[in-house]
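Hi,

Here is the structure I promised to send over. Have a look at it first, and then read my notes below.

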Amino acid sequence: ALPWNQLVKGMAEYRLGHFAGAVDWMQKALSHAGDDVSRDVEAYMVLAMARYRSNQPEAAQAALAKGVEIAERDLPKLESGDVGDRWFDWILAHVLMGEANALMSGVAKASDHP
């Protein structure tokens, strides 16, 4: 349960605007990368957004790319008709990917509230 707790703590830090704290917690959660695909994608998306809001665009882009790569390779496809028993994590991973892409593509401004 520890990596999930770390993920949730990092998400809370991000939503509170504590971007350095969010980065720290996401890195802790990602120290268990490979154990759970959805969690990994979620963590990389929050890491990307936190780095972006911390004016670290290259690191943000790298985190985004890594998370998208994992999602495209390992998450079940919607067309399959079965996204798995943990559909809620599948949805959250995709929502966070959309949020990260919107933020980093300029749809949302860095000054917007997280």
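**What I found**

Let's start with helix 2: it has 12 residues and spans 16 Å from its first C-alpha to its last, close to the 16 Å expected at 1.5 Å a residue. Before you go further, keep in mind that this is a predicted model.

Helix 2 has a good set of buried residues, namely Phe19, Gly21, Ala22, Val23, Met26, Ala29 and Leu30. If you want to see what covers them, look at helix 1 and helix 3, which are included in that cover.

One of the residues to click on is valine 23, which sits in helix 2. Its relative accessibility is 7%, so it counts as buried, the cut-off being under 20%. Setting aside residues up to four places away in sequence, valine 23 touches Leu47, Ala50 and Arg51. You can also check its distance to lysine 9: the two are 14 residues apart in sequence, and 11 Å separates them in space, C-alpha to C-alpha.

Now for the core. The largest nonpolar core contains 32 residues, and Tyr14, Val41 and Met45 are the ones with the most contacts inside it. Two or more residues come from each of helix 1 (2-15), helix 2 (19-30), helix 3 (37-53), helix 4 (57-74) and helix 5 (87-104). Which helix gives the most to this core? That is helix 3, with nine residues.

Next, the packing of helix 1 and helix 5. Their axes are 15 Å apart and the angle between the two is about 35°. The crossing of this pair is left-handed. On the helix 1 side the contact is made by Trp4, Met11, Tyr14 and Arg15, while helix 5 brings Asp89, Leu92, Leu96, Glu99 and Leu103. By type, the residues of this contact are six nonpolar and three charged, with no polar ones.

Aspartate 89, one of the helix 5 residues in that contact, deserves its own look. Is it buried or exposed? Aspartate 89 is buried, because its relative accessible area is 8% and the cut-off is under 20%. Leaving out its neighbours within four places in sequence, aspartate 89 is in contact with Trp4, Ser38 and Glu42.

Two loop residues are also on my list. Asparagine 55 is in the loop between helix 3 and helix 4. It has a positive phi of about 60°, although it is not a glycine. With a relative accessible area of 67%, asparagine 55 is exposed, since that takes a value over 50%.

Leucine 75 is in another loop, the one between helix 4 and helix 5. At 5% relative accessibility, leucine 75 counts as buried. What does it touch, apart from its neighbours within four places in sequence? The contacts of leucine 75 are Val37, Ser38, Val41, Ile70, Trp90, Ala93 and His94. Of these contacts, His94 is worth selecting along with leucine 75: the two residues are 19 apart along the chain, and their C-alpha atoms are separated by 9.7 Å.

If you only have a few minutes, I'd open leucine 75 and its contacts, which include Val41, and then go to the core, where Val41 is among the residues with the most contacts. After that, try Trp4, which appears both in the contact of helix 1 with helix 5 and among the contacts of aspartate 89.

Cheers

Notes:
Residues are numbered from 1 along each chain as its sequence is written. This is a predicted model: local features need pLDDT of at least 70, side-chain atom pairs count only at pLDDT 80 or more; totals for chains, interfaces and linings use all residues. Side-chain values use heavy atoms; hydrogens and water are left out. A nonpolar core is a set of buried Ala, Val, Leu, Ile, Met, Phe, Trp, Tyr and Cys residues joined through side-chain atoms within 4.5 Å. Buried means under 20% relative accessible area, exposed over 50%, partly exposed in between (1.4 Å probe, protein chains only). Helices (H or I, at least four residues) and strands (E, at least two) are DSSP runs, numbered from the N terminus. Axes are lines fitted to C-alpha atoms, for helices over the stretch in contact, and angles run from 0 to 180 degrees between N-to-C directions. A crossing is left-handed if the near helix is turned anticlockwise from the far one by less than a right angle, and right-handed if clockwise. Contact means heavy atoms within 4.5 Å. Ala, Val, Leu, Ile, Met, Phe, Trp, Tyr, Cys and Pro count as nonpolar, Asp, Glu, Lys and Arg as charged, and the others, Gly among them, as polar. The expected span of a helix is 1.5 Å times one less than its number of residues.
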